[in-house]
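This report looks at one loop residue, one sheet with the helices packed on it, and the nonpolar cores. The sequence and structure come first.

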Amino acid sequence: MGKSDFLSPKAIANRIKSKGLQKLRWYCQMCQKQCRDENGFKCHCMSESHQRQLLLASENPQQFMDYFSEEFRNDFLELLRRRFGTKRVHNNIVYNEYISHREHIHMNATQWETLTDFTKWLGREGLCKVDETPKGWYIQYIDRDPETIRRQLELEKKKKQDLDDEEKTAKFIEEQVRRGLEGKEQETPVFTELSRENDEEKVTFNLNKGAGSSAGATSSKSSSLGPSALKTLGSAASVKRKESSQSSAQPAKKKKKSALDEIMELEEEKKRTARTDAWLQPGIVVKIITKKLGEKYHKKKGVVKEVIDRYTAVVKMLDSGDRLKLDQTHLETVIPAPGKRILVLNGGYRGNEGTLESISEKAFSATIVIETGPLKGRRVEGIQYEDISKLA
């Protein structure tokens, strides 16, 4: 019978089987060859290439075991870092995901006999935090990347600075309250006995002290005064109105700033100078500055479609349409021509859209006009290049 056709069901089934995972007992780690059945594995073990690999391994078996152990450790930790980050996860979940790859290094070729031994070794070496529970062993990756450590230090520094600012504001408010109370004498209430001279007199309580007392006083005075007295009161009131109008015509003296105004000015200054280490925003145009992706993408421009975890962006290239997942350290902002629309990425005006008015090449800064938000129409000078970027 001739060889089966390439598109026959049997040939297609064989190709699907060869792509998937096979049984571990029919895998040769030395030759890194996976056999589909026992007969194929037996034929492979009798082959000349396998015998040659065994001779090489017998000369220095420790070298081969160290190589496979190192490969297994590096691939396992890379999967743990990329897939789970610094989250606490069961070691068997990570291992099952690791062995789902067809070309993985098998544990029986390494120095560790079981997954538990490998987990304990990770804890002893300080590569992961491990703890044993009734459900099994859990591991947590320890990220020692210098860039990650730098970001954590910056976040801690920012939190400490915010706490210091809050303490300064609280002390400032207490000082203003103390100064306000120093010039005033606190009135001490005087308690009198509730009594009435005449038993037939009614006792009344006036709850609305301000309005009631003035109304009562005017009514009592009007009832006790005659018509001549009313004329005198009217003339006195007209004289008071003239004096008040003359005093209002004079220029008002400059009032001192209250504590609330000073606090609001401090908050506004704080927002104006506030900066963050994450500047990525969807919809801006950025330029790739890393050479790790090759010359095809170096110095090419793209549009940020999505921001992941504040520091990672999905960028769609303008010329090819490819989508790349990049860290913000591999990107830089794009400054458009004057008159084009931009987005403020950092500082007190962060998140506001505007128009680029002019560029100062000597100071590496720009002048913009805010077009959105409560500060619409404000002209801002001295905005750094890295704080603005072109809108797509």
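## A buried asparagine

Asparagine 352 counts as buried, because its relative accessibility is 15%, where buried means under 20% relative accessible area, exposed over 50% and partly exposed in between, with a 1.4 Å probe and protein chains only. The model is predicted, so that local features need pLDDT of at least 70 and side-chain atom pairs count only at pLDDT 80 or more, while totals for chains, interfaces and linings use all residues. Residues are numbered from 1 along each chain as its sequence is written, and side-chain values use heavy atoms, with hydrogens and water left out.

Asparagine 352 lies in the loop between β11 (341–344) and β12 (353–360); helices (H or I, at least four residues) and strands (E, at least two) are DSSP runs numbered from the N terminus. Apart from neighbours within four places in sequence, asparagine 352 is in contact with Ile342, Leu343, Val344, Ile370, Thr372 and Gly373, contact being heavy atoms within 4.5 Å. Glycine 373 is 21 residues away from asparagine 352 in sequence, with a C-alpha to C-alpha separation of 6.6 Å.

## The three-stranded sheet

An open sheet of 3 strands follows the order β3-β5-β4 with antiparallel pairing, two strands being paired if DSSP finds at least two bridges between them. β3 (88–90) and β4 (128–133) each have a single partner strand and stand at the edges, so one side of each is left without a neighbour in the sheet. From one strand to the next the twist averages 30°.

Between the antiparallel strands β4 and β5 there are 6 bridges, and valine 130 stands opposite isoleucine 139 in β5. α4 packs on the sheet and touches β3, β4 and β5, its direction making about 75° with that of β5; α5 also packs on the sheet, touching β3 and β5, at about 70° to the direction of β3. For these angles, axes are lines fitted to C-alpha atoms, for helices over the stretch in contact, and angles run from 0 to 180 degrees between N-to-C directions.

## The nonpolar cores

The largest nonpolar core (buried Ala, Val, Leu, Ile, Met, Phe, Trp, Tyr and Cys residues joined through side-chain atoms within 4.5 Å) has 22 residues, of which Phe72, Phe76, Leu80, Val94, Phe118 and Leu122 touch the most other members. Two or more residues come from each of α4 (61–84), α5 (91–99), α6 (115–125) and β5 (136–141), and α4 gives the most, with 7 residues.

Leaving aside neighbours within four places in sequence, valine 94 is in contact with Phe76, Leu79, Leu80, Phe84, Val89 and Ile139. A second, separate core of 16 residues includes Leu280, Ile284, Ile288 and Leu391.
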